[in-house]
Amino acid sequence: MKKWLGVLVLSGLCQTALAGGIDVDDAWARATVEGMTMGGAFMDIKNETGTDDTLIGASSPVSERIEVHTHMNDNGVMRMREVKGGIPLPKGREVELKPGSYHIMFMGLKRPLKEGEKFPLTLKFKKAKPKTVEVEVKNTPGAGHHHHHGHGGKHSH
């Protein structure tokens with residue numbers, strides 16, 4: 001009996017150790033030009049914590065304010081909207097932040113984001129500890145990404 005209890009306890013500890021954290025890959029932001037006050041960042045977020053979580057916000061030295069956004073169809077017009085309550089990150093699943101969908105919205109850029117540079121972005125979650133990732137600025141999105149319009153002009157709420 002004690003032997004089986006020990007096996008079960010060790011098994012539980014191993015599962016806890018295997019339940020990783022929040023994994024972020026391919027973090028990138030679109031390059032901006034002088035005078036643009038808004039920008040967007042995109043990435044793949046995989047929740048390996050073993051429990052559902054939520055991306056609730058972010059911070060970075062490149063911007064005065066950051067919101068978590070998505071695009072919504074408003075009578076045939078695509079508009080960006082803040083995601084109230086954050087972006088759900090189901091356990092064991094990957095969520096793609098991409099142009100035309102979920103994304104990180106920089107508001108009040110302190111300077112233009114220039115192609116080739118990198119900057120830190122700290123993601124904030126409802127349950128997991130904050131995670132800082134390096135974001136690479138690109139002039140055009142990688143393969144498979146769609147064009148993301150509207151970050152330089154008016155931002156419709």
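**Aromatic pairs and a negative surface patch**

By the ring-pairing rule applied here, the count comes to 2 aromatic pairs in this predicted model. One of them is formed by Trp 28 and Phe 42, whose rings lie 4.6 Å centre to centre with 40 degrees between the planes, an arrangement that is classed as tilted. This pair links distant parts of the chain, since Trp 28 is placed in strand β1 and Phe 42 in strand β2, which covers residues 38-47, with 14 residues separating the two partners. With regard to solvent, Trp 28 has a relative accessibility of 2% and therefore counts as buried, and Phe 42, at 0% relative accessibility, is likewise assigned to the buried class, for which the limit is under 20% relative accessible area.

Another aromatic pair is made by Phe 106 and Phe 119, and because the planes of these rings stand at 75 degrees, with the centres 5.7 Å apart, the pair is edge-to-face; the cut-off for this class is an angle of over 60 degrees. Here too distant parts of the chain are linked, with Phe 106 in strand β8 (residues 103-109) and Phe 119 in strand β9 (residues 118-125), 13 residues apart. Phe 106 counts as buried because its relative accessibility is 0%, and Phe 119 falls into the buried class at a value of 3%.

These strands belong to a chain that contains 1 helix and 10 strands. Read from the N terminus on, the order of the elements is α-β-β-β-β-β-β-β-β-β-β, so that the helix precedes the strands. Across the 157 residues of the chain, those classed as buried make up 39%, and the aromatic residues Trp 28, Phe 42, Phe 106 and Phe 119 are among them.

Turning to the surface, a negative patch is formed by Asp 25, Asp 26, Glu 94 and Glu 96. Strands β1 (22-30) and β7 (94-97) each supply at least two residues of this patch. Strand β1 is thus represented both in the negative patch and, through Trp 28, in the tilted aromatic pair. Glu 94 has its place in strand β7, and with a relative accessibility of 47% this residue counts as partly exposed, because the partly exposed class lies between the limits of 20% and 50%. The same value is compatible with membership of the patch, because patch residues are required to have over 30% relative accessible area.

Terms used
Residues numbered from 1 in each chain as written. Predicted model: local features only at pLDDT ≥ 70, side-chain atom pairs only at ≥ 80, totals over all residues. Heavy atoms only, no water. Patch = residues over 30% accessible without salt bridge, like charges linked within 9 Å, V, L, I, M, F, W, Y side chains within 5 Å. Areas by Shrake-Rupley, 256 points an atom, 1.4 Å probe, with all protein chains shown as cover. Salt bridge = Lys/Arg side-chain N within 4 Å of Asp/Glu carboxyl O. Lys, Arg positive; Asp, Glu negative; His and termini not counted. Charge placed at Lys NZ, Arg CZ, Asp CG, Glu CD. Helix = DSSP H or I, 4+ residues; strand = E, 2+ residues; numbered from the N terminus. Buried < 20%, exposed > 50% of the residue type's maximum accessible area, 1.4 Å probe, protein only. Phe/Tyr/Trp six-rings, centres within 6.5 Å; stacked < 30°, edge-to-face > 60°.
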